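Student: I have a structure open and would like a close look at a single part of it. Could you walk me through that part and what surrounds it?

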Amino acid sequence: MTEADAAAPPRWTRRWWAGITPVPTWRSAGLLGVGAIVSAIGPSVIGIYLPLLVVAALVVLDGARGPAPWQIEIERRLPRLMALDSEAELSWTVVNPTSRELSVALADELAPSLGASRRRAALTVPAGGRAAASATLQPRRRGTFRPTVVTLRVRGPWGLATRQAERDLPSVLEVHPRFRSRAEAQMRIRQGRILEHGRRSARGRGTGTEFEALREYVQGDEYRHVDWSATARAGHPVVRTYRVEQDQSVVVLLDCGRVVAGSVDGVPRLDHGMDAALALGTVATALGDRIGLIAYGEQLRRVIPPRRERDHLRRLSRELHALEPELAASDHLGAVQEVLLRVRRRALVVVVTDLAPGTTEDSLIPVLRPLLRTHRVVVASVRDPQLNAQLVRPDHDADSAYRAAGAATVIGAREHVATKLRSLGVEVVDQPPRRFAGSVVDAYLDVKTGRGW
């Protein structure tokens with residue numbers, strides 16, 4: 001991002017002393033040390049103070065001979081968007097408007113979580129020319145970053161003093177969630193069941209629920225598709241053909257409450273949910289369906305109506321990137337009411353949350369009943385693989401036994417919640433991280449190409 005893209009015009013932060021008061025360097029300190037030695041062995045009062053006064057005058061003169069920091073032009077360039085754990089380059093360019101070579105040092109205001117390879121640089125800028133330095137960014141946290149202040153220090157010609165000031169260069173960098181399951185989503189689009197159902201949709205034939213035409217029975221057709229009235233009239237078996245449904249709506253309810261505040265395999269639960277939402281959006285859009293999202297915690301955080309547009313997935317990622325979990329109970333009722341208000345046509349609603357015992361039973365299950373009257377519902381939760389690992393460890397000490405008992409209790413409670421959800425007609429996905437996003441997509445495909453909306 002350049003200065004022209006910044007939210008505000010660049011300016012110098014001018015305190016009364018900034019860029020005016022010279023700051024001694026190590027070279028001037030060495031010269032002062034020599035002056036101190038000379039003054040100590042001086043024969044008179046003049047011999048004591050004169051060398052120190054000379055050195056001080058040289059420091060002031062050297063600082064005055066160098067250009068003021070606000071005379072130097074500086075530009076910061078960084079990308080507007082990045083994905084978590086990706087790499088990008090940040091660069092600084094310094095322009096020297098004077099007729100002499102300059103030694104310039106700069107320090108940038110960069111958050112530690114941006115993972116910059118460096119935030120300081122020392123440059124030698126030729127007279128009337130420019131010099132550049134760069135750093136590599138490897139963000140370790142999602143969110144919007146707004147680096148602003150760059151501190152510029154200009155050294156005098158003799159290297160005895162520097163002058164320093166801060167420059168405001170407002171910039172914005174959005175770090176979006178990492179799409180870990182991108183390859184898996186693309187594989188489902190290109191191969192296997194997705195490719196097959198895509199071809200059937202394009203031909204208008206398939207195993208969906210939208211009736212298209214009648215045709216003569218051929219070996220392999222399912223008996224449940226036989227149209228007995230048409231068979232009686234034609235005198236030979238006739239079957240109904242169906243079109244895989246298109247232009248349907250998929251709505252992701254992304255829980256951002258305290259139940260997703262923890263981490264699984266070193267990744268926040270919320271980020272696993274974002275990955276599944278992006279995978280589902282990618283596949284649904286490729287199959288001609290609309291995708292929407294409602295992110296909520298104690299209150300609604302983001303509401304994106306179902307759409308199928310070229311840049312809709314990018315919008316989903318942009319809306320998700322700054323979300324963080326809240327340490328508060330989630331308002332499932334408010335999210336469900338938002339769906340009922342905005343989506344009147346039958347849709348698939350995917351609730352991405354955690355099958356936390358007690359919380360899910362008390363707050364989520366009761367509010368799903370009105371949603372199930374109109375929509376198909378999938379509840380998806382990422383399971384911590386450490387739970388199963390605790391059950392199979394060969395250790396026989398007391399600590400291992402307690403951990404195994406605790407893991408068995410949690411697994412049993414989660415299965416109890418899943419059973420109650422399934423008894424209501426809810427599809428449940430409870431998988432470890434490596435299978436989570438793919439299983440959410442498979443649940444969508446089962447609904448789309450099997451029983452239908």
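Tutor: Happy to! Let's start with Ala-418, which sits in helix 11, the run of residues 398-423. Keep in mind that this is a predicted model. Ala-418 has a relative accessible area of 5%, and because that is under the 20% cut-off, the residue counts as buried. What does Ala-418 touch, not counting residues up to four places away in sequence? The answer is Leu-355 and Val-428. The pairing with Leu-355 spans 63 residues in sequence, yet the two C-alpha atoms are 7.4 Å apart in space.

Leu-355 also leads us on to another residue, since it is among the contacts of Ser-381. You will find Ser-381 in strand 21, which covers residues 376-382. Its relative accessibility is 0%, so Ser-381 is buried. Leaving aside neighbours within four places in sequence, Ser-381 meets Thr-353, Asp-354 and Leu-355, then Arg-414, and further along the chain Val-429, Asp-430, Gln-431 and Phe-436. Arg-414, one of these partners, falls within the 398-423 range of helix 11.

Now for a pair of helices. Helix 8 (residues 332-342) and helix 9 (residues 359-372) pack with their axes 9 Å apart, at an angle of about 15°. The two are therefore roughly parallel to each other, and helix 8 passes helix 9 in a right-handed crossing. On the helix 8 side, the contact is made by His-332, Leu-333, Val-336, Val-339 and Leu-340, while helix 9 brings Ser-363, Leu-364, Val-367, Pro-370 and Leu-371. By character, the residues of this contact divide into eight nonpolar and two polar, with no charged ones.

Finally, a word on confidence, which you will want before computing anything further. The protein chain averages a pLDDT of 83, and 83% of the residues score at least 70. Confidence is highest in strand 20 (residues 348-352), at a mean of 97, and lowest in helix 4 (residues 192-203), at 46. Over residues 195-199 the pLDDT stays under 50, and the model has seven contacts for this stretch beyond four places in sequence. Residues 201-207 are also below 50, with 19 contacts in the model beyond near neighbours in sequence.

Conventions: Residues are numbered from 1 along each chain as its sequence is written. This is a predicted model: local features need pLDDT of at least 70, side-chain atom pairs count only at pLDDT 80 or more; totals for chains, interfaces and linings use all residues. Side-chain values use heavy atoms; hydrogens and water are left out. Helices (H or I, at least four residues) and strands (E, at least two) are DSSP runs, numbered from the N terminus. Buried means under 20% relative accessible area, exposed over 50%, partly exposed in between (1.4 Å probe, protein chains only). Contact means heavy atoms within 4.5 Å. Axes are lines fitted to C-alpha atoms, for helices over the stretch in contact, and angles run from 0 to 180 degrees between N-to-C directions. Angles under 35 degrees count as roughly parallel, over 145 as roughly antiparallel, 65 to 115 as roughly perpendicular and the rest as oblique. A crossing is left-handed if the near helix is turned anticlockwise from the far one by less than a right angle, and right-handed if clockwise. Ala, Val, Leu, Ile, Met, Phe, Trp, Tyr, Cys and Pro count as nonpolar, Asp, Glu, Lys and Arg as charged, and the others, Gly among them, as polar. pLDDT is the predictor's confidence in each residue, from 0 to 100.
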